[in-house]
Amino acid sequence: MRLKDFTSNLKRSDPQTFRRLSLIQTMEITIKFTINGKIVKVEVPPHWTLLRLLREKLGLTGTKEGCGIGECGACTVVMDGRPINACLILAPKAEGRSVETVEGLGDQVFLHPLQQSFIDHGAVQCGFCTPGILMSAKTLLDGNPHPTKEEVKGAISGHLCRCTGYQQIVEAIEDTGKKRKVIR
Ligand code: FES
Ligand code: FES
């Protein structure tokens, strides 16, 4: 049964429970967490996902919503150093945590080396998958600065890209690691 049908049935059959649930939906709680290095305090309905909080309350629309069910990786952000699907995490779970999104990676003036490498390798086409992949790639390189091709493939295995065929993405990430080696 679709949610819409369920709620209209409930409204008819059990108006009291329906009113209680509606009340819960309008309630907000305050959460405090770090986003891209800045501490924020924000009011949010407890049933919202972290993805919705980022996009609709904080205006961080770089993080994309694809499937909404944890299968495409478009919504990937980094929480306490680990990539997570923001569509699967309730916003209150961010309380006290540190969250990084693509907006914290670089900007149009100072690109992160990964962002520059994606441009150089033609790894961005429509760009919908790119923010999520960048966050997974950043986490990989933070822990393993010179990953092998297989390690790169493993790190982005939870991401779907409909445009590139993945090869340019893998090369862009691998090359970022190799360039770091040259700098050292
Ligand atoms: S939108 Fe979260 S995994 Fe697809
Ligand atoms: S560049 Fe279009 S989905 Fe990946």
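Student: Let's start with S3 and S4: how many bridges join them, and do they run parallel or antiparallel?
Tutor: There are 4 bridges joining S3 to S4, and the two strands run antiparallel. Keep in mind that this is a predicted model.

Student: OK, and which residue of S4 is the bridge partner of Thr76?
Tutor: That's Asn85.

Student: How many residues lie between S3 and S4 in their hairpin?
Tutor: The hairpin has 2 residues between the strands. Look at Asp80 in the turn, which has a positive phi of about 45°.

Student: What about S3 and S5, how many bridges there?
Tutor: Strand S3 (residues 76–79) is joined to strand S5 (residues 98–100) by 2 bridges, and this pair runs antiparallel. On the S5 side, Val99 is the bridge partner of Met79.

Student: Which helix packs on the sheet?
Tutor: Helix H5, residues 130–143, does, and it touches S3, S4 and S5. The direction of H5 makes about 35° with that of S3.

Student: Zooming out, in what order do the strands of the sheet come?
Tutor: The order is S2-S1-S5-S3-S4, so to speak from one edge to the other. Those 5 strands form an open sheet with mixed pairing.

Student: And which are the edge strands?
Tutor: Strand S2 (38–44) and strand S4 (82–85), each pairing on one side only. On average, neighbouring strands of the sheet are turned by 40° against each other, ignoring direction.

Student: New topic: what domains is the chain divided into?
Tutor: Domain 1 covers 3–61 + 85–100, and domain 2 covers 113–183. Their C-alpha centres lie 31 Å apart.

Methods:
Residues numbered from 1 in each chain as written. Chains lettered and ligands numbered in written order. Predicted model: local features only at pLDDT ≥ 70, side-chain atom pairs only at ≥ 80, totals over all residues. Domains from an automatic or database assignment. Pairing = 2+ DSSP bridges. Axes fitted to C-alpha atoms, helices over the stretch in contact; angles between N-to-C directions. Contact = placed C-beta atoms within 7 Å.
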